[in-house]
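Please read the following alongside the sequence and the 3D view. The text starts with one detail and then widens to the whole chain.

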Amino acid sequence: MECTGTFDYVDPPINCWYKNGHGSLDIRTAIEQSCNYFFNMIGFQLGKVGDNEFSEVQSLNKLQEYASLIGLDRKTGIELSEATPKVSDAKAVPSYMGQGNNLFTTSELARYATVMATSGNVFKLTLLDKVMDPKGEVIQEYEPEIEDVVNISSNIWDVIHDGMRRVIQTHSQFDGLGVEVAGKTGTAELDLRHPNHGLFIGYAPASDPEYAVAIRIANGYSSGNACLIANDIFKYMYNLADKDSILTGIASTDTSDTSND
């Protein structure tokens, strides 16, 4: 697809974050560059009826159909109260780039990251490893439970994974980390009076995932700040830095102005 910088198939037109336009993109580079135009066009094409008509209802139904396949329309199963997710049912075209009225908890986004990491396994999440009695005898163990599997071509998963690896290569927050990460950034706009929310989902190692993470900083200004946290989490998981240098007890003085979401 050819990103011109402005998606004008809808009214009002939707600007890409890169207003000069990304030019020719495939799905790999669209994920890498977080191209609004590309994902707007996906939503538009899925809503086309015949050659010239666009159906808002059809486009939204397709979005909800695919979201359901990867578990985004239901709770994760964790043993805490969790808000019911909502897949956008308004403003079809911008909903495909995360706007509309999509609503998800961070735990629901973590499961989404796990689906990406495992190429389609939708898990029922648990916060528990095992339950023991006062004598230390194991009463119950909790094993990963797959609720569903997304059956799509492995070639498609390979393309998505490649795009997510490319995202990390464009974010200096992960430079020199020591483990290969794949991920996706997000900046969720609230309103003109409040800073944006910063988000990141990802997994590592990218070639053989062991951990999936989701980070959301309410009013965190930029997804780059969520990347800084993800970087620290992966350092901690893989013993890539001294724990005391990560868990300082104070907020980081590093900031990021990453805007390509």
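S12 is joined to S13 by a hairpin that runs through six residues. The model shown here is a predicted one. The two strands of the hairpin, S12 and S13 (residues 211–217), are paired in the antiparallel sense, and seven bridges connect them. One point of reference on this side is Phe200, which stands opposite Ile215 in S13.

S12 also has a partner in strand S11 (residues 182–188): here too the pairing is antiparallel and extends over seven bridges. In this pairing, Thr187 stands opposite Gly198 in S12.

How many of the eight residues of strand S12 are buried? Eight of the eight, across residues 197–204, so the strand is largely enclosed by the rest of the structure. Buried here means a relative accessible area under 20%. The residues of S12 can be sorted by the way they point. His197, Leu199, Ile201 and Tyr203 point one way, while Gly198, Phe200, Gly202 and Ala204 point the other way, and the residues of both groups are buried. Phe200, already met opposite Ile215, therefore belongs to a strand that is largely enclosed by the rest of the structure.

The surface offers another view. Leu80, Leu127, Leu128, Val131 and Ile139 make a nonpolar surface patch of about 460 Å². One of these residues, Val131, lies in strand S8 (residues 130–132). Is Val131 buried or partly exposed? Its relative accessible area is 32%, so Val131 counts as partly exposed; that class covers values between the 20% limit for buried and the 50% limit for exposed.

The chain as a whole can now be described. It contains eight helices and 13 strands. Its radius of gyration is 20 Å, close to the 18 Å that the globule rule gives for 261 residues, so the chain is as compact as a globular protein of that length. The C-alpha trace spans about 70 × 40 × 40 Å along its principal axes.

Of the 261 residues in the chain, 41% are buried. About 14,700 Å² of the chain is exposed, and carbon and sulfur atoms supply 49% of that area. Contacts can also be sorted by separation in sequence: among those between residues at least 6 apart, 53% join residues at least 24 apart.

Conventions
Residues are numbered from 1 along each chain as its sequence is written. This is a predicted model: local features need pLDDT of at least 70, side-chain atom pairs count only at pLDDT 80 or more; totals for chains, interfaces and linings use all residues. Side-chain values use heavy atoms; hydrogens and water are left out. Buried means under 20% relative accessible area, exposed over 50%, partly exposed in between (1.4 Å probe, protein chains only). Helices (H or I, at least four residues) and strands (E, at least two) are DSSP runs, numbered from the N terminus. Two strands pair if DSSP finds at least two bridges between them. Patches are made of residues with over 30% relative accessible area and no salt bridge: like charges are joined within 9 Å, nonpolar side chains (Val, Leu, Ile, Met, Phe, Trp, Tyr) within 5 Å. Accessible areas come from the Shrake-Rupley method with a 1.4 Å probe; for residues, only the protein chains shown count as cover. A salt bridge is a side-chain nitrogen of Lys or Arg within 4 Å of a carboxyl oxygen of Asp or Glu. The radius of gyration is taken over C-alpha atoms; the globule rule is 2.2 Å times the number of residues to the power 0.38. Contact means heavy atoms within 4.5 Å.
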